[in-house]
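Trainee: Could we go through this model together, one element at a time?

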Amino acid sequence: MGLRKVLVANRGEIAVRVIRTCRELGIATVAVYSEADEGAPHVRLADEAYPIGPAAPAESYLRSDRLIAVAERTACDSVHPGYGFLSENADFAEAVAAAGLTFVGPPASVQRALGEKTSARRLAKAAGVPIAEGTLEPVSDEAAGREIARRIGFPLLLKPAGGGGGKGMRIVRSADELASAWRGATGEATTAFGAPALLIERYLAGARHVEMQLIADEHGSVVWLGERDCSIQRRHQKLVEETPGPSVDDALRSRLGDAAVKLARAAGYVNAGTCEFLVAPDGGFVFLEVNTRLQVEHPVTELVTGLDLVALQFRVAAGESLPFTQESVRRNGAAIECRITAEDAFAGFVPAGGRLGLVRLPAGAGIRVDGGIESGMTVPTEYDPLLAKVVAWGPTRAEALGRMRRALRETVIAGVMTTLPFHQHVLSDPEFVAGRYDTSYVDARWAARRADLDGTALTAAAMAAVVASRTRPPRSAAPDGRAWVRIAREEALR
Amino acid sequence: MRYEVQVGERTVQLEVAPDGSTLVDDRVTALSVRALGPDAWLVAMGGVSHEVHLLARDPLRLWVDGTEVLATVTDERALAARSAGGSARSGRHELHAPMPGLLKAVHVREGDEVERGAPLVTLEAMKMENELRSPVAGRVTRVAAAAGTKVDGGALLIVLAQG
């Protein structure tokens, strides 16, 4: 009674990722695409593909009605939401189920209980999972918020109660900053999640972001698969993730795993999910939130466990039991992921769309690339700027880092600014290599300057002159028909 | 064509000669270029091959052997325009040793008229003989080091008057 045909309600690398596993499992795939994604890799990879509207997400990938209509018209038996878009929208999960389709993810009841942050905090507290000091009910009134802030003390965090992903989050360091932070956070919360309600909690400085991967079946089995340290972030959004966490020993890992499982059981969790924690330098931790979906960074867990999380999602969604127990899960070696996004790392990580020139992605031993890009395609500005995820595995952390450094050097993405220079900086930073970093890393260690080119400035300059002598300004570009003359001359010079 | 290239804190003078040889900070470097694609080249310089991709034109962003490089390139015409707008050229050019080494030969004497690109001295460094050529056409006004002597990196070797 396995699933046979799925609508992949997403785009980009995660749609490609899901389609790949489906093909391996023999599940037929239906892709959807907006006007901005015609001819995109996920569209060509799927067995069938249908347009669902204009580029704006609200008119395409967020149109629950259109997605379900396509699934019904193409006789799908299931819907995979990927991450982002409607993946954590309980109403969507409910609508999918109401249409007689299987939602490949946690059911609506779980999404409701854990999606609203104060509700998740209440659940965690009741389950005996430590939470940061703060509110257990959403707060919409600024005066009430001011009073709560005074009680908790500064620094503190304002977060939209309605959702995660770092959107709308504000660190408030003093009472003076509260008013403007409140305006900003409520504004973004309203835009992103449809409600201005906020959660106020104590901010832990010097903490690491460590999360625990979970998978649960309908038959009462809940298993944790290991942690990921995701402390390297900008705008509270992750850039680098690795497992094992450099600061996590076996004892802490078990404590985090047990806490995550307790919370998942309390919520009646089914399918894949991630329980996020902040871990203080002394090893104490507090619950942050649960992501009721597949995470962007799930491949690092796949590489050390040898499991295919998407395949497990489909099996669990079809009602099967997990094919392993907590005791039989093995974790082998270390893995790290770098998110290559279309952003200018030298200008505050501002997203940079554009047309991609040459794209050359790395390969070789221990390297996995999950991507949804290719040479010549235009990176739409309407969506998440993630271009590709480069993931490296090694028997030890040092070997995994060595492979990642090598892979980053092989990577060429022309045409748009990318986070590649940032990742090269991180992977060669002695502090990172030593495993000493926390969520303040980007502010503290990324000085927003070009790599130190002392040793290679001359070579780089010579190459720049060569390029300048071989390229004409766009306005005086010669017709392509003359290119052979130039190439012939260059050949003759060898 | 002459270029002034700025990479990071460094400014480097380069001249790409029609025969493919390149003067890098007045030092001649054998250089060959093979086009790999519309915006990619394999450049052999001093026995080492460098893969170069043009990532973006404005500002100029290059991928050089796995590292992203931001460079500002000013060409001959722009340099001329800049100097015309500024103070007049001095006409004096100094040739310095680009690295420490043994001055194997001095090919010119004071008072010699030389063409641009003419060999001035041969410097042996890192087990290679490097011919240092004249960056300009002009007259040799001073020979500051003798053949057979060791010179430090940056040592003054030849002074020329552009003519």
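Trainee: Is strand E21 (residues 386-394) of chain A enclosed or open, and how many of its nine residues are buried?
Mentor: Happy to start there, with a predicted model in which local features need pLDDT of at least 70, side-chain atom pairs count only at pLDDT 80 or more, and totals for chains, interfaces and linings use all residues. Residues are numbered from 1 along each chain as its sequence is written, and chains are lettered from A and ligands numbered from 1 in the order in which they are written. A residue is buried if 20 or more other C-beta atoms, placed from the backbone, lie within 10 Å of its own. E21(A), a strand being a DSSP run (E, at least two residues) numbered from the N terminus, is largely enclosed by the rest of the structure, because the buried residues number eight of the nine.

Trainee: Which residue of E21(A) is the bridge partner of Glu337(A)?
Mentor: Strands pair if DSSP finds at least two bridges between them. Strand E14 (residues 334-341) of chain A runs antiparallel to E21(A), joined by eight bridges. In E21(A), Glu337(A) has as its bridge partner Val391(A).

Trainee: And which residue there is the bridge partner of Val369(A)?
Mentor: Strand E19 (residues 367-371) of chain A is also antiparallel to E21(A), with five bridges. The partner of Val369(A) in E21(A) is Val390(A).

Trainee: What handedness has the crossing of H6(A) with H9(A)?
Mentor: The axes of helix H6 (residues 117-126) of chain A and helix H9 (residues 250-267) of chain A come within 9 Å and cross at roughly 110°. A crossing is right-handed if the near helix is turned clockwise from the far one by less than a right angle, left-handed if anticlockwise. For H6(A) passing H9(A), the crossing is right-handed.

Technical notes:
Axes are lines fitted to C-alpha atoms, for helices over the stretch in contact, and angles run from 0 to 180 degrees between N-to-C directions. Helices (H or I, at least four residues) and strands (E, at least two) are DSSP runs, numbered from the N terminus. A residue is buried if 20 or more other C-beta atoms lie within 10 Å of its own, exposed if 12 or fewer, and partly exposed in between; C-beta atoms are placed from the backbone.
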